[in-house]
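Subject: Handing over the structure

Hi there,

Here is the structure I promised you, with the sequence alongside. Please have it open while you read, and my notes follow below.

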Amino acid sequence: MRCNFSVLLFLFAGFFIHAQEPAQDNMSSAEAIEQATFVQGCIDKNLGDYTKALDDFQKCLSMHKKSAAANYEIAGIYLQLKQFDQALIYAKAADDLSSDSRKLIFIHKKGSPENHFYKLRYDETLEANGKNADAVKVFKQLCDNDPKNTDLLFRYADAQRKAGENTEALKTYQKIESI
């Protein structure tokens with residue numbers, strides 16, 4: 001079972017890395033080491049060895065300082081460890097790096113590059129840090145780009161409610177009902 005899980009994780013991590021980096025026919029040995037380190041970090045994280053996983057992802061950052069994926073993973077680990085201040089730092093970096101690059105996961109109807117994964121992780125860390133008004137702003141961006149995504153709209157309404165924006169939350173719930 002553990003072997004099958006590791007194979008699936010390896011495939012997912014490879015896809016995630018390829019989604020982050022432009023395709024290259026000839027991968028350098030440094031890039032191969034970075035990719036292997038990233039995959040090992042994912043395996044360590046999923047096995048619950050957060051200390052080792054953090055070390056692996058930090059090594060990735062030392063090799064590639066603008067790795068949105070490594071920042072994203074580190075933020076997730078810090079969320080698991082309930083170290084919300086640290087999580088926020090890395091989630092913000094992942095979101096900023098994903099927005100400033102050509103490394104896309106989704107292109108929305110408006111044609112703007114957006115990465116839901118990075119923005120959602122950033123939002124999670126904002127909420128964990130009690131920054132609910134900022135979380136509402138992040139969800140507004142996501143919902144503006146994908147206005148019929150009911151999962152995002154429910155989360156947006158919940159963030160509005162937590163920020164004390166009850167009238168706006170009610171409007172968002174009504175919008176969900178109309179979809």
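Two residues are in contact when heavy atoms of theirs lie within 4.5 Å. With that in mind, take the contacts in the protein chain between residues at least 6 apart in sequence: 52% of them join residues at least 24 apart. Please keep in mind throughout that this is a predicted model.

**The overall picture**

The protein chain holds 9 helices and 2 strands. If you follow the sequence, the order of elements reads α-α-α-α-α-β-β-α-α-α-α. The chain has 179 residues, and 42% of them count as buried. About 10,200 Å² of the protein chain is exposed, with carbon and sulfur atoms supplying 55% of that area.

**The core**

Which residues touch the most other members of the largest nonpolar core? They are F57, I74 and F139, in a core of 37 residues. The elements giving two or more residues to this core are α2 (29-46), α3, α4, α5 (84-99), α6 (116-128), α7 (132-145) and α8 (150-162). Helix α4 gives the most, with 9 residues.

I74 is a good residue to click on. Leaving aside residues up to four places away in sequence, I74 touches L54, F57, Q58, L61 and Y90.

N71 is worth a look as well. This residue sits in helix α4, which covers residues 68-80. Is N71 buried or exposed? Its relative accessibility is 5%, and the cut-off for buried is under 20%, so N71 counts as buried. Again not counting residues up to four places away in sequence, N71 touches L61, K65, Y90, A93, A94 and L97.

**Helix α3, one face at a time**

Helix α3 runs over residues 50-63, which makes 14 residues. From its first C-alpha to its last α3 reaches 20 Å, close to the 20 Å expected at 1.5 Å a residue. Its buried residues are A53, L54, D56, F57, C60 and L61. Seen down the axis of α3, these buried residues fall within an arc of 160°, so they line one face of the helix. The face turned away from that buried side carries the exposed residues T51 and S62.

**Salt bridges**

How many salt bridges does a search of the whole structure find? The search finds 13. As a reminder, side chains of opposite charge can pair when their charged atoms come close. Here are three pairs to look up, each within a helix.

- K137 and D134: the closest N and O atoms of this salt bridge are 3.9 Å apart. Both residues lie in helix α7, 3 residues apart, which is about one turn of the helix. K137 is exposed, with a relative accessible area of 57%, while D134 is partly exposed at 32%.
- D144 and K140: their side chains meet in a salt bridge at 3.0 Å, N to O. These two are 4 residues apart in helix α7, so about one helical turn separates them. D144 is partly exposed, with a relative accessible area of 35%, and K140 counts as partly exposed at 41%.
- K171 and E168: this salt bridge has an N to O distance of 3.5 Å. Both residues lie in helix α9 (residues 166-178), 3 residues apart, or about one turn of the helix. K171 counts as partly exposed at 46% relative accessibility, and E168 counts as partly exposed at 37%.

Besides these pairs, salt bridges that share partners join E127, D158, R161 and K162 into one network.

Why does the spacing of three or four places suit such pairs? An α-helix has 3.6 residues a turn, so residues three or four places apart point the same way.

One last item on K171: its C-alpha atom is 8.3 Å from that of A157, and the two residues are 14 apart along the chain.

**Where to begin**

If you have only a few minutes, I would suggest starting with F57, which is one of the buried residues of α3 and is also among the core residues that touch the most other members. From there you could go to I74, which touches F57, and then to N71 in helix α4.

Happy browsing, and do write back with any questions.

Best wishes

How values were computed
Residues are numbered from 1 along each chain as its sequence is written. This is a predicted model: local features need pLDDT of at least 70, side-chain atom pairs count only at pLDDT 80 or more; totals for chains, interfaces and linings use all residues. Side-chain values use heavy atoms; hydrogens and water are left out. Buried means under 20% relative accessible area, exposed over 50%, partly exposed in between (1.4 Å probe, protein chains only). Accessible areas come from the Shrake-Rupley method with a 1.4 Å probe; for residues, only the protein chains shown count as cover. The expected span of a helix is 1.5 Å times one less than its number of residues. The arc is that of the directions from the helix axis to the C-beta atoms. A nonpolar core is a set of buried Ala, Val, Leu, Ile, Met, Phe, Trp, Tyr and Cys residues joined through side-chain atoms within 4.5 Å. A salt bridge is a side-chain nitrogen of Lys or Arg within 4 Å of a carboxyl oxygen of Asp or Glu.
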